[in-house]
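Please study the sequence and the structure shown below before attempting the exercises. Each task is followed by a solution in steps.

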Amino acid sequence: WGACWTLDTTKVSQQHGISGASYVGLVNSVDLVLNVNESNYCASTSSSVGARMMLHDKTTYPNPDTGLSLAPGFSWSIGISRTSERGAGKPYGYCTEYLPQSAMDRDVVYQSSDPCYAKCVEEWTIKTCNCRIARSGPVNSASEVEVCRSDKQMACLESNIDSWAQGTEAKCYCPKTPCDSASYTVHSTSPARFPSIPYQKLWNGSWGGVELDDLIQARVFFTTLVQTDIKHTPKLTFFQLLSSIGGVMGLLLGASVMSVFELLELCFLIVRRKRRRHVRMRAA
């Protein structure tokens, strides 16, 4: 995907004294102006012009494949909302507990399955084709390996892609579902031409020789401050199971904890009476 930039909202909040989003609407949006610099594109790898924006939680590994495509020459208004999900771990589910990204190590644990698969595919490509995929970031010592470019390397890469699709090669043993996750849902995207002629005149001489057709304005805002929280809980716990069994026994048999003790007492009295009778018969 070329150059990748991440907006660290924590640092921005500290620098400008902003604790978080307090209002909704386009007036309270985060505005970004991007320069795609089309003149530096490579014809062999770029068939389109623009930027790819992904909205993700700061503890989530970014995956550009799930992002939004933004075309230059437009101002994009992007309305979003946030959803958090907490899965139930074992024995009720098969989600994986991940460490925070600050403590994440590629060889130990992953915040999600995406970096695990990226590393697996990258290492398999280096091993079989002696080159790395251009769109993948360097993994460990992959920066010392050249990008796949020659016909032989590209044929090897295509063969690997077919093998991955069929599941015959590069077995990646990666966890799939994180127990904690957060996502942002895009509710609306609307473009408008950017920059306008009056706006160009206002900033005349301040663009520094930038081609105006290469500019993208992205305005991201919340459509609602209500966050959707999804929590997976067991439908029936062990103690609830015991309570249900006791309730059914009490309903069908009239049994209770007190009746169990009464039953034990009755058995004790019967055994004691029989034993006394047996002793009297022997004495007689």
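## Exercises on a predicted model

R272 has a relative accessibility of 38%, and therefore counts as partly exposed. The structure is a predicted model, and the exercises below concern this model.

**Exercise 1.** Determine where R272 is found and which residues gather with R272 in a patch of positive charge.

*Solution.*
- Step 1. R272 belongs to helix 6, which covers residues 257-283.
- Step 2. A patch residue must have over 30% relative accessible area; R272, at 38%, is partly exposed.
- Step 3. On the surface, R272 gathers with R273, K274, R276, R277 and R280 in a patch of positive charge.

**Exercise 2.** Identify the residues of the nonpolar surface patch, and classify L236 as buried, partly exposed or exposed.

*Solution.*
- Step 1. The patch is made by L236, F238, F239, L241, L242, I245 and M249, and its area is about 700 Å².
- Step 2. L236 is located in the loop that runs between strand 7 (228-231) and helix 5 (238-252).
- Step 3. Partly exposed residues fall between the limits of 20% and 50%. Because its relative accessible area is 45%, L236 is partly exposed.

**Exercise 3.** State how many aromatic pairs the whole structure holds, and classify the pair of F238 and F239.

*Solution.*
- Step 1. Searching the whole structure gives 4 aromatic pairs.
- Step 2. In the pair of F238 and F239, the ring centres are 5.7 Å apart and the planes stand at 70°.
- Step 3. Ring planes over 60 degrees apart count as edge-to-face; at 70°, the pair of F238 and F239 is therefore edge-to-face.
- Step 4. F238 and F239 are both exposed, and both belong to the nonpolar surface patch.

**Exercise 4.** For N37 and N130, describe phi, the place in the chain and the exposure.

*Solution.*
- Step 1. N37 is not a glycine, yet its phi is positive, near 50°. N130, also not a glycine, has a positive phi of about 60°.
- Step 2. N37 lies in the loop between strand 1 (30-35) and strand 2 (51-53). N130 lies in the loop between helix 2 (113-129) and helix 3 (151-166).
- Step 3. N37 is partly exposed because its relative accessibility is 30%. N130 has a relative accessible area of 54% and is therefore exposed.

**Exercise 5.** Describe the peptide bond between F194 and P195, and locate P195.

*Solution.*
- Step 1. The bond joining F194 and P195 is a cis peptide bond, with omega about -10°.
- Step 2. P195 is placed in the loop between strand 5 (180-193) and helix 4 (197-202).

Technical notes: Residues numbered from 1 in each chain as written. Predicted model: local features only at pLDDT ≥ 70, side-chain atom pairs only at ≥ 80, totals over all residues. Heavy atoms only, no water. Patch = residues over 30% accessible without salt bridge, like charges linked within 9 Å, V, L, I, M, F, W, Y side chains within 5 Å. Areas by Shrake-Rupley, 256 points an atom, 1.4 Å probe, with all protein chains shown as cover. Salt bridge = Lys/Arg side-chain N within 4 Å of Asp/Glu carboxyl O. Lys, Arg positive; Asp, Glu negative; His and termini not counted. Charge placed at Lys NZ, Arg CZ, Asp CG, Glu CD. Helix = DSSP H or I, 4+ residues; strand = E, 2+ residues; numbered from the N terminus. Buried < 20%, exposed > 50% of the residue type's maximum accessible area, 1.4 Å probe, protein only. Phe/Tyr/Trp six-rings, centres within 6.5 Å; stacked < 30°, edge-to-face > 60°.
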